[in-house]
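Visitor: I am new to this structure. Please take me through one part of it closely, beginning with the cysteines and going on to the sheet and the helices around it.

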Amino acid sequence: MIDNHDIFALPRHFVVISTLGEMEMVCTALNTRPGSSCALVSEPDAGCFMGIAWWKALTAGAGMPAFLDCGMAAARAAEGLRAGLGGVIVEPACTQHDALAQLAGIMGATCLRGRPDAHVIAGPDAADALQRYLRSHAAG
């Protein structure tokens, strides 16, 4: 799944976000759990329909790893890496993955081969569900 040297630096928790409200919910949850950490993941293929500027603006100042899912769009992933994103996700079948992983290494970023298992913020008790997710994964 992860091809770069940063494999051991990544948190165990991955949380899907797509709005500023969700970003704030993650930050609040982490602030109430000292020592917890997580990585942010965009919606599937968001790099193709929302774009790099959106992801950079949404995750600016997050202080945690953030991965833009570019699906099969190797060019969009490369563009994101050149624009300074710290992480991108491309589908396992993407034939340019090795080149993207090399580019990510040069840029000090990480290229994931496929989406990690991640918590999706949803439902009326989304904040409580996020806290339960963080708590359950901290123990494991």
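Guide: Start with the disulfides. The count is zero. A disulfide is a covalent bond between the sulfur atoms of two cysteines. This is a predicted model, and the two sulfur atoms have to lie within 2.5 Å to count as a pair. Look at C27. The closest cysteine sulfur to that of C27 belongs to C38, and the 8.0 Å between them is too far for a bond. C38 is likewise in no disulfide, with the sulfur of C27 as its nearest cysteine sulfur, 8.0 Å away. The surroundings of each can be stated too. C27 has a relative accessible area of 25%, so C27 is partly exposed. C38 has a relative accessibility of 2%, so C38 counts as buried.

Now turn to the sheet. It is open and has six strands. Read across, the order is β5-β4-β3-β2-β1-β6, and the pairing is parallel. Find the edges. They are β5, residues 110-113, and β6, residues 119-120. Each has a single partner strand, so one side of each is left without a neighbour in the sheet.

Next, take the pair β1 and β2. β1 covers residues 14-16 and β2 covers residues 39-41. The two run parallel, joined by three bridges. In this pair, F14 stands opposite A39 of β2. Helix α3, residues 52-59, packs on the sheet and touches both β2 and β3. β3 spans residues 66-69, and the direction of α3 makes about 155° with that of β3.

After β2 comes a loop that leads to α2, residues 46-49, and D45 sits in this loop. Most residues other than glycine have a negative phi. D45 is not a glycine, yet its phi is positive, about 60°. With a relative accessible area of 35%, D45 is partly exposed.

Move along the sheet to β4. Two bridges join β3 to β4, and these strands run parallel. Here D69 stands opposite I89 of β4. On the other pairing, four bridges join β4 to β5, again in parallel. I89 stands opposite L112 of β5. What covers the two faces of β4 is worth a look: G87 and I89 on one side are buried, and so are V88 and V90 on the other.

How does the chain get from strand to strand here? β3, α4 and β4 make a right-handed β-α-β unit. From β4 the chain crosses through α5 to β5, and this β-α-β crossover is right-handed as well.

Finish with α5, residues 97-107. Its buried residues are H97, L100, A101 and A104. They cover an arc of only 100° around the axis, so they lie on the same side of α5. What do they meet? They pack against α4 (74-82), β4 (87-90) and β5. Now look at the other side of the helix: D98, Q102 and I106 are exposed there. Just after α5 comes G108, with a positive phi near 75°.

Definitions and conventions:
Residues are numbered from 1 along each chain as its sequence is written. This is a predicted model: local features need pLDDT of at least 70, side-chain atom pairs count only at pLDDT 80 or more; totals for chains, interfaces and linings use all residues. Side-chain values use heavy atoms; hydrogens and water are left out. Two strands pair if DSSP finds at least two bridges between them. Contact means heavy atoms within 4.5 Å. Axes are lines fitted to C-alpha atoms, for helices over the stretch in contact, and angles run from 0 to 180 degrees between N-to-C directions. Buried means under 20% relative accessible area, exposed over 50%, partly exposed in between (1.4 Å probe, protein chains only). The arc is that of the directions from the helix axis to the C-beta atoms. A crossover is right-handed if, with the strands pointing away from the viewer, the path from the first strand over the helix to the second runs clockwise.
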